[in-house]
Amino acid sequence: METTAGRARSSIFPLIFFLVFLVITALATVVAAADEPPKIDTGDTAWVLMASALVLLMTPALAFFYGGLVRRKNVLSVLMQCFLLMCVISIQWVLFGYSLAFGPDVGGWIGNLDWFGLKGVGLVPHAGYAATIPHQAFMIFQMMFAIITPALIIGAFAERMKFAAFAVFTLLWATLVYDPVCHWVWGIGGFMRNWGALDFAGGTVVHINAGIAALVCALVLGKRIGYPSNSAPPHNLPFAVLGAGLLWFGWFGFNAGSALGAGALATSAFVATHIASASAGLTWSLIEWVRHGKPTGLGIITGAVAGLVAITPASGFVNPIGALWIGIGASVLCYIAAVIMKGKFGYDDTLDAFGVHGIGGIWGAIATGLFATKTVNAAGADGLFYGNPAQLMIQVKATLVTVVWSFVMSFVLLKIVNAVMGARASEHEERVGLDLTGHSESAYTILD
Amino acid sequence: MKYIIAIIQPDRVQDVLAKLEEKEIHLVTVSQVLGRGRQKGIAEVYRSHKEPGNLLKKVKLEIAVNEQFVAATLEAITSGARTGSIGDGKIFVLSLDEVVRIRTGETGGPAIG
């Protein structure tokens, strides 16, 4: 029941946030700089811009992939969370996130705020990051990664997290977990980049990061009411299948776009991405066929996504056969994690965000240390299977550090948010559904 | 007057409606329901979530009839819905106290027509 005092109190936070947002934007307006004439490659730029659009598409695709898997009374809450991130993280990125992630390095840990409000981020290429495309093209491409990474976590706490708490948590997470890890692996001066850790498109930065945060959220928020005996089947599997198909499509932007140019490397990453997805989808189906006698729609799409997750860090460093093995490994490991392990340990990782992105990302990061070959990417390294065990150790180190950072920070942030505003929806809200209680909306009418 | 509720297999609906038409019984309300008898359903598997298949899709027909049409209605439903397998369904016959035709205000037997 809403009291007048309650409604006034719950309106104050969005109001304060909006005022803070306006003030920061005003500050950023004052410091905007002028640009010089750019020197760019049109093919590279066209591809990176297209890839950015493809990666953005992955967030609404993910929204439907997840949305189809929840109960119909919660589908809008999932879509809404994804769309909010498209808005909020974009702004955070422009105002200070990009600067923290990719800006001038401070001690190997983080970027400084020189690029606050994209000051100094113009259309002249940034020679260190992407010499043939406008700096803003690189920035906007990376923005789409920053958006989808927190969206992945939604799968762990679906159907039971309060919207306001979600908004605050993911904003803090993006700033204090995503931006630092992004800097370590991809930022110039980042300490993992300096180790020589290989992560082509985001195995550590995106999937391990989000996957571990997902596990934390599932553990801290606790199980849904009645889980596991009262849990419901997907309310719209066709949505999930469509979402998965669009994710596969968008992933070409995610991985091949990370070549930051249109040419041989982008092609190689494109091919590797596709093959890993195909082999992983088939493998999951075969596992189900053997275990249950029937392959399922949910299984084949989960397998395909697991393959895409795993190939992400490896995509620019492995050849097609390496990609094939990585896909097979992804489905085997993620199947064990999502279908067998989760049931045995009893945690409610609702949509297997940890099982697929966490475990898949860890496998992918390690597999990069196995299958990487300089014949595909001379700027990379050779992996264990090409006679260089050292790379595997670097990958393991990078994985461990990311796991620990994400686990600890996600835990701390969620605990803080929970203490300040309560993260979990009330029992009443969970029973009635988040769409109605959180957004006053119903996804599907029953009567016309 | 009687109120007849029939739970039948979803794929028998058209046959039952055709048989009812033959017997000049036009009034019917049809709804989709879930239900179970002694028949076991098909188990569903969604990753780690397994449903043993307790509830099955059925169709419910609700028909208000005057006494003299009860036998014909039961005959029509039974012959249209019967497949001989478990899960064919059941028919319940209830006493009906009052009927009102909303458009004209008629009550009782004439309201059923």
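## Helix H11 of chain A and its partner H12

In this predicted model, helix H11 (320-345) of chain A has a kink of about 30°, centred on Ala337(A). The 26 residues of H11(A) should span 38 Å at 1.5 Å a residue, and the end C-alpha atoms are 36 Å apart, which agrees with that expectation. Just after H11(A), the backbone at Gly346(A) takes a positive phi of about 80°.

H11(A) packs against H12(A) at an angle of about 150°, with the two axes 9 Å apart, and the crossing is right-handed. On the side of H11(A) the contact is made by Gly322(A), Trp325(A), Ile326(A), Gly329(A), Ala330(A), Leu333(A), Cys334(A), Ala337(A), Ala338(A) and Lys342(A), while H12(A) contributes Gly355(A), Val356(A), Ile359(A), Gly360(A), Trp363(A), Gly364(A), Ala367(A) and Phe371(A). Ala337(A), on which the kink is centred, is thus listed among the contact residues of H11(A). Sorted by class, this contact has twelve nonpolar, five polar and one charged residues.

## Helix H12 against helix H7

Helix H12 (residues 353-371) of chain A also packs with helix H7 (residues 203-221) of chain A, at an angle of about 145° and with the axes 8 Å apart. Here the crossing is left-handed, whereas that of H11(A) and H12(A) is right-handed.

From H7(A), the residues that meet H12(A) are Gly203(A), Thr204(A), His207(A), Ile208(A), Ala210(A), Gly211(A), Ile212(A), Ala214(A), Leu215(A) and Ala218(A), and their counterparts in H12(A) include Phe354(A), His357(A), Gly361(A), Ile362(A) and Thr368(A). By class the contact of H7(A) with H12(A) has eleven nonpolar, ten polar and no charged residues. Ile359(A), Gly360(A) and Gly364(A) are listed in the contact with H7(A), and these residues are also listed in the contact with H11(A).

## From H7 to H9 in chain A

The loop between H7 and H8 of chain A holds Pro228(A), and the peptide bond from Tyr227(A) to Pro228(A) is cis, with omega near 0°. Helix H8 (residues 237-256) of chain A has 20 residues and reaches 28 Å from its first C-alpha to its last, close to the 28 Å expected at 1.5 Å a residue. H8(A) nevertheless bends by about 30° at Gly250(A).

Beyond H8, the loop that leads to helix H9 (264-292) of chain A contains Leu260(A), whose phi is near 60°, a positive value in a residue other than glycine. Most residues other than glycine have a negative phi, and most peptide bonds are trans. Leu260(A) has 20 C-beta neighbours inside 10 Å and therefore counts as buried.

## The surroundings of Ile154

Ile154(A) is placed in helix H4 (residues 135-157) of chain A and is buried, with 27 other C-beta atoms within 10 Å. Leaving aside residues up to four places away in sequence, Ile154(A) touches Tyr66(A), Val78(A), Gln81(A) and Cys82(A). The C-alpha atoms of Ile154(A) and Asp349(A) are separated by 9.8 Å, although these residues are 195 residues apart along the chain.

## Contact between the two chains

The contact takes twelve residues from chain A and seven residues from chain B. On the side of chain A that touches chain B, the elements giving two or more residues are helix H10 (297-314) and helix H11 (320-345) of chain A, and H11(A) gives the most, with four residues. By class, that side of chain A has five nonpolar, five polar and two charged residues.

H10(A) has 18 residues and reaches 27 Å from its first C-alpha to its last, close to the 26 Å expected at 1.5 Å a residue. Because 17 of the 18 residues of H10(A) are buried, this helix is largely enclosed by the rest of the structure.

## A helix pair and a loop in chain B

In chain B, the axes of helix H1 (residues 13-22) and helix H2 (residues 70-81) come within 8 Å and cross at roughly 150°, with H1(B) passing H2(B) in a right-handed crossing. Asp15(B), Val16(B), Ala18(B), Lys19(B), Leu20(B) and Glu22(B) in H1(B) meet Ala76(B), Ile77(B), Ser79(B), Gly80(B) and Ala81(B) in H2(B), and by class the contact has six nonpolar, two polar and three charged residues.

The loop between H1 and strand E2 (29-35) of chain B holds Glu24(B), which has a phi near 65°, a positive value in a residue other than glycine. Glu24(B) is exposed, with 10 other C-beta atoms within 10 Å, whereas Leu260(A) in chain A counts as buried.

Methods: Residues are numbered from 1 along each chain as its sequence is written. Chains are lettered from A and ligands numbered from 1 in the order in which they are written. This is a predicted model: local features need pLDDT of at least 70, side-chain atom pairs count only at pLDDT 80 or more; totals for chains, interfaces and linings use all residues. Ala, Val, Leu, Ile, Met, Phe, Trp, Tyr, Cys and Pro count as nonpolar, Asp, Glu, Lys and Arg as charged, and the others, Gly among them, as polar. The expected span of a helix is 1.5 Å times one less than its number of residues. A residue is buried if 20 or more other C-beta atoms lie within 10 Å of its own, exposed if 12 or fewer, and partly exposed in between; C-beta atoms are placed from the backbone. Axes are lines fitted to C-alpha atoms, for helices over the stretch in contact, and angles run from 0 to 180 degrees between N-to-C directions. A crossing is left-handed if the near helix is turned anticlockwise from the far one by less than a right angle, and right-handed if clockwise. The bend at a residue is the angle between axes fitted to the seven residues ending there and the seven starting there.
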